[in-house]
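Here are some short exercises on a ligand and the protein around it. Have a look at the model first, then work through each solution at your own pace.

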Amino acid sequence: MNSRASALVTGASRGIGAAVAAALAPTHDVLLGGRDEQALRAVAADLPGARAWPVELTDLAAVAAAAAEIERLDVLVHSAGVADIAPLADTSAEVWRRTLEVNVVAVAELTRLLLPALRAARGHVVLINSGAGLRANAGWGAYAASKFALRAFGDVLRAEEAGNGVRVTSVHPGRTATDMQRGVRADEGGAYEPEKYLRPESVSAAVLTAITAPADADITEIVIRPSAG
Ligand SMILES: NC(=O)c1ccc[n+]([C@@H]2O[C@H](COP(=O)([O-])OP(=O)(O)OC[C@H]3O[C@@H](n4cnc5c(N)ncnc54)[C@H](OP(=O)(O)O)[C@@H]3O)[C@@H](O)[C@H]2O)c1
């Protein structure tokens with residue numbers, strides 16, 4: 001019998017998701033979510049017990065087929081996300097749709113499909129949100145709207161699933177040194193200065209804190225800001 005706990009981390013091919021997968025790997029068998037199977041295999045090669053779980057999260061049939069294989073799940077970390085930074089005047093319906101589809105709809109659907117597996121394990125759902133899920137600033141319209149929605153999703157999920165033993169944590173990092181932040185800075189017309197941002201490992205350490213909290217403590221929300229900026 002496998003005594004190790006299980007985890008699924010979306011967005012695990014790089015950035016925050018890859019750091020979360022690495023932090024969980026010593027104690028969990030980790031499924032690595034992402035679209036680039038080669039990249040996922042490369043991450044898995046360094047993590048004992050980890051394997052690629054390649055799924056396009058906006059393909060709901062593919063998501064359903066992949067989720068159907070999971071009968072029991074201790075930890076579900078939603079880290080996959082997209083960010084297009086632009087004034088509302090320049091944000092097309094296509095950008096709105098893509099942002100809400102990946103950052104909200106896919107999260108809601110994957111969680112819904114995995115609820116029986118999470119309930120069976122009295123598991124933990126972690127939502128990698130953002131500072132933009134707490135404050136909506138100019139230029140961040142579609143992204144902030146998606147992260148506000150994600151926060152609401154987490155709050156409702158917690159209220160509905162507490163009785164089933166499922167815990168829910170929203171993690172709100174500030175700027176973190178990843179490919180996404182490189183793209184954000186390009187959209188903003190500014191320099192990418194990783195030394196001023198959070199390291200992905202600092203975000204994954206916070207995720208681990210939430211997951212390993214004792215049974216009497218429910219860590220519902222974590223806000224992390226870069227100390228250098
Ligand atoms: N970086 C920051 O400054 C920052 C700050 C606060 C919050 N966050 C949040 O943290 C999370 C992780 O961000 P990150 O900076 O690590 O981003 P990242 O480096 O750009 O990585 C994004 C991940 O999401 C996956 N992904 C994107 N669209 C997908 C789709 N349609 N289907 C399946 N997988 C998809 C990517 O997979 P592929 O390799 O297949 O593309 C990749 O693994 C996001 O939710 C983001 O909003 C980031």
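**Exercise 1. Find where the ligand sits.**
The ligand sits in the largest pocket. A pocket is an open set of points on a 1 Å grid over the protein atoms alone, with protein on both sides within 12 Å along at least five of seven lines. Sitting there means that more than half of the ligand's atoms lie within 2 Å of the pocket's grid points. The model is predicted, so local features need pLDDT of at least 70 and side-chain atom pairs pLDDT 80 or more, while totals for chains, interfaces and linings use all residues. Residues are numbered from 1 along each chain as its sequence is written, and side-chain values use heavy atoms, without hydrogens or water.

**Exercise 2. Describe the shell around the ligand.**
Step 1: 30 residues surround the ligand, each with a heavy atom within 4 Å of it.
Step 2: Among the closest are Ser-13, Arg-14 and Tyr-143.
Step 3: Helix H6 (179-188) is one of the helices that supply at least two shell residues, and H6 gives the most, with three. Helices are DSSP runs (H or I, at least four residues), numbered from the N terminus.

**Exercise 3. Locate polar atoms beside the ligand.**
Step 1: Glu-56 places a polar side-chain atom 2.8 Å from a ligand nitrogen atom.
Step 2: For Gln-181, a polar side-chain atom lies 2.7 Å from a ligand oxygen atom.

Technical notes. Polar contact = N/O pair within 3.5 Å; in protein donor to acceptor, adjacent residues only side chain to side chain. 1 Å grid on protein atoms, 1.4 Å probe; cavity = no way out; pocket = protein on both sides within 12 Å on 5 of 7 lines; lining within 4 Å.
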